[in-house]
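Here are some notes to read alongside the model. They take up the openings inside it, then the helices and loops, then the packing.

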Amino acid sequence: MKTAKAFTANAAPFAVLGGLAAAAAGFTLYPNYAPAQKWIITILILLGLGMFVFGGGLLSSPRFSGWVHRRAARLKSLTCLTSAQFIYLALAVLVGWTASLSGGGHPNQAVAPWLSLVAWGVALVLGVLAAWDSTEAFPRVSKKTVLTAGLLLAAALVLRVVALEKAPPLLNGDEASAGLSAAQFISGVSNHVFGVGWFSFPAMYFAVQSLSIRLFGQTVFALRFTSALAGSLTVAAVYLVGKRLFSGRAGVLAALFLLGSHFHNHFSRIGLNNIWDGLWYLLTLGFLVDGWRHQRRSSFIIAGLSFGLAQYFYASSRFLLGLVPLWLLMAVLFNRKKWRGNRMNILCMLLVFVLVVFPAAWFYAQKGNLVHLAAPFNRVDVLGDWLHTEMELVGKPGWQIVAGMIYTSARTLVSIPSQVWYPAHTPILRPMAAVLFLAGLLWLLFHLRKPFSWMLYLWIAAFIVVGGLSVPASSAQRYIALIPACALVIGFGLDETIRQIDKVWQDKEKWLYGGALALCVLIGVSDMLFYFNEYTPATRLGGENTLVAQRLAEYLHDKGEVQVAFWGADRMGYTSINTTAYLAPQARGLDFNYPWGNPENPPLAQGPVVFVFLPGEEQNLPLVQRDYPGGEMIVAYDFDERPLYWLYAAP
């Protein structure tokens with residue numbers, strides 16, 4: 001049969017090679033597993049050999065090939081998958097399992113790190129091949145669209161890397177801790193991309209961050225560059241998604257707002273994983289809506305990939321696990337006809353999602369690892385001990401306290417200042433942007449039956465509720481994935497205003513669009529002037545202890561290998577804020593908790609030594625100078641010109 005021959009030619013060699021590779025991987029992994037777990041590897045080897053035999057039968061036996069093809073053809077009417085795609089699907093699961101076993105259950109060390117990463121990449125390619133609709137035309141993107149997205153990306157990147165080391169001015173200890181976790185991928189201490197790193201966050205972010213550190217060195221710029229890149233990609237993606245959902249004009253206006261947003265720029269300049277969530281939410285929800293509207297399989301595949309990748313970054317990505325099914329449920333209720341046309345597309349999206357998260361799911365399923373999955377939420381959850389304590393303090397029932405928190409969360413968007421990681425004394429949306437956002441929400445009421453409307457409403461409502469269920473409710477870092485939604489609402493609102501006014505003032509559309517562009521640029525310029533001229537010079541983000549760590553790191557950076565005898569009193573230890581450890585990794589810090597000369601202090605080895613005394617410990621300085629005369633004395637001052645610490649470099 002011609003179709004059987006095509007099937008054999010297209011997929012059988014992959015079955016042979018993939019099965020052989022899986023079996024070989026199993027033999028490689030076998031010695032690394034404990035006797036009680038070797039049965040798992042044995043199954044992998046047997047499945048790999050079985051796939052090899054299956055592919056060999058397809059190549060060598062026309063009768064067997066025809067029989068398999070006929071069975072697959074019967075299933076095609078139910079699944080829309082071709083015969084070859086069934087093989088790609090089986091191979092994707094087999095290779096994805098190989099990637100999971102190659103990673104293993106250790107938080108930092110993979111059983112076979114390169115095998116795990118390569119097998120995961122191959123599984124994703126096979127999954128896309130299995131899910132792809134061969135009858136669908138390949139998506140076309142015009143040169144104008146590519147050029148516009150490229151210009152927005154370039155402009156956003158320039159805006160986000162300018163003075164990246166100086167704004168924010170201090171390298172916070174959490175940023176530095178993330179950097180140290182990333183540096184462990186360079187030193188070899190960590191190599192498990194599907195494990196966890198600092199603060200139980202998924203390790204993939206730190207692996208990505210390590211690439212920047214390899215390129216630029218262990219600097220503030222390198223640590224923050226991946227965030228600047230993620231923020232810039234989000235600006236370009238807002239344009240593309242806005243164009244798909246609304247119009248090219250709405251996409252441009254939304255992207256221009258996000259380009260200059262003070263809030264989005266701030267988190268694009270912090271070396272943490274939060275900023276990535278905006279990109280993943282945007283791609284997941286945006287392309288899910290696009291795929292549903294047009295019954296476009298490729299959009300569902302993109303949504304599935306981003307849905308899965310999101311789980312490897314900030315914890316708020318896990319809310320997509322509830323948001324995506326909720327949106328799909330509403331979509332089915334509103335349009336049963338579209339559901340019938342999209343059932344297979346949704347299954348393909350879920351298939352790709354499962355393949356992406358398979359290695360991480362396997363890791364968390366191992367004994368003792370599930371605690372890492374819940375850790376980021378347990379740190380900020382209000383529904384436990386915090387709520388009981390608050391009820392006793394204020395004398396109100398729990399529901400009133402939680403309702404008040406959710407109300408505070410909503411107001412953080414438009415009327416009260418954000419806190420913690422961005423204490424800027426201003427809401428997330430400053431006055432003009434807040435007005436445009438609220439206007440956009442009102443315009444959406446006239447389009448409630450359209451899928452993009454409830455996607456945006458659900459997206460915004462989810463973060464308002466989640467923000468209200470965490471402490472404090474106005475913590476800025478928990479709203480980052482919400483800003484692209486705000487940008488889309490603003491872009492849509494301006495575009496809809498232009499369209500409606502043009503119905504009355506005909507032939508004025510270009511002028512109205514020009515005015516909207518100017519307004520978005522004006523908002524962006526105002527936000528940037530606020531951020532660089534008002535917020536950055538006045539910020540004390542990180543506090544005085546972080547200032548100590550950074551000033552000390554700047555001094556030690558080019559001093560080579562040196563010991564640091566550190567008297568921090570009860571305020572801080574040398575490693576309590578990792579800024580110094582990240583920026584001056586060659587320095588060896590020793591905490592001196594007792595007066596100079598006390599035998600309880602750690603011993604100093606031969607070689608250069610620097611003594612650091614925080615206020616309250618300076619009485620040890622003359623004692624050290626007595627024993628190490630002729631050294632260099634430096635006094636560092638804080639923002640208010642008060643002594644920050646005394647530093648004495650022994651000769």
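1. A pocket, as the word is used here, is an open set of grid points with protein on both sides within 12 Å along at least five of seven lines. The model is a predicted one. Its largest pocket has a volume of about 640 Å³. Of the 25 residues lining this pocket, V141, L240, R244, F287 and I302 are the closest to its centre.

2. Which elements build the wall of the largest pocket, giving two or more residues each? They are α6 (143-161), α9, α12 and α13 (297-310). Helix α9 supplies the largest share of the lining, six residues. By class, the lining of the largest pocket divides into 14 nonpolar, six polar and five charged residues.

3. The structure also holds one cavity of 30 Å³ or more. The volume of the largest cavity is about 30 Å³. Its lining consists of P168, P169, L170, T539, R540, L541 and F639. Five of these lining residues are nonpolar, one is polar and one is charged.

4. P168, one of the residues lining the largest cavity, deserves a second look. It sits in the loop between α6 and α7, and the peptide bond from A167 to P168 is cis, with omega near 0°. Another cis bond runs from V471 to P472, with omega near -15°. P472 lies in the loop between α20 (451-468) and α21 (483-504). As a general rule, most peptide bonds are trans.

5. Helix α12 gives two or more residues to the lining of the largest pocket. How far apart are its end C-alpha atoms? They are 27 Å apart, which agrees with the 27 Å that its 19 residues should span at 1.5 Å a residue. Of those 19 residues, 17 are buried, so α12 is largely enclosed by the rest of the structure.

6. D277 belongs to helix α12. Is D277 buried or exposed? Its relative accessible area is 0%, so it counts as buried. Leaving aside neighbours within four places in sequence, D277 is in contact with A310, F313, Y314, S316, S317 and A481. D277 and R478 are 201 residues apart in sequence, yet their C-alpha atoms are 9.9 Å apart in space.

7. N274 is placed in the loop between α11 (262-267) and α12. With a relative accessible area of 7%, N274 is buried, because the cut-off for that word is under 20%. Beyond neighbours within four places in sequence, N274 is in contact with Y314, Q477 and I480. Y314 is also among the contacts of D277.

8. At the other end of α12, the helix is followed by Q295. Q295 is found in the loop between α12 and α13 and has a positive phi of about 50° although it is not a glycine. At 38% relative accessibility, Q295 counts as partly exposed. S200, in the loop between α7 and α8, also has a positive phi, about 65°, and is not a glycine either. S200 is buried, with a relative accessible area of 14%. In general, most residues other than glycine have a negative phi.

9. Helix α8 covers residues 203-216, 14 in number, and reaches 20 Å from its first C-alpha to its last, close to the expected 20 Å. Its buried residues are A203, M204, Y205, F206, A207, Q209, S210, S212 and I213. What do the buried residues of α8 pack against? The partners are α5 (113-131), α7 (173-187), α9 (220-245), α12 (276-294) and α24 (579-583). Just after α8, G217 takes a positive phi of about 90°.

10. The last point concerns the nonpolar packing. The largest nonpolar core has 164 residues, and of these W327 and W459 touch the most other members. Helix α15 (residues 336-365) gives the most to this core, with 14 residues. Apart from it lies another core of 23 residues, among them A549, M572, A636 and L647. Not counting residues up to four places away in sequence, W459 touches Y281, L282, L285, L323, A481, L482, P484, A485 and L488. A481 is also in contact with D277. In soluble globular proteins, nonpolar side chains tend to be buried together.

Methods: Residues numbered from 1 in each chain as written. Predicted model: local features only at pLDDT ≥ 70, side-chain atom pairs only at ≥ 80, totals over all residues. Heavy atoms only, no water. Helix = DSSP H or I, 4+ residues; strand = E, 2+ residues; numbered from the N terminus. Expected span 1.5 Å × (residues − 1). Buried < 20%, exposed > 50% of the residue type's maximum accessible area, 1.4 Å probe, protein only. Contact = heavy atoms within 4.5 Å. 1 Å grid on protein atoms, 1.4 Å probe; cavity = no way out; pocket = protein on both sides within 12 Å on 5 of 7 lines; lining within 4 Å. Points joined across faces, edges and corners; volume = space filled by probe spheres on them. Nonpolar A, V, L, I, M, F, W, Y, C, P; charged D, E, K, R; others polar. Core = buried A, V, L, I, M, F, W, Y, C linked by side-chain atoms within 4.5 Å.
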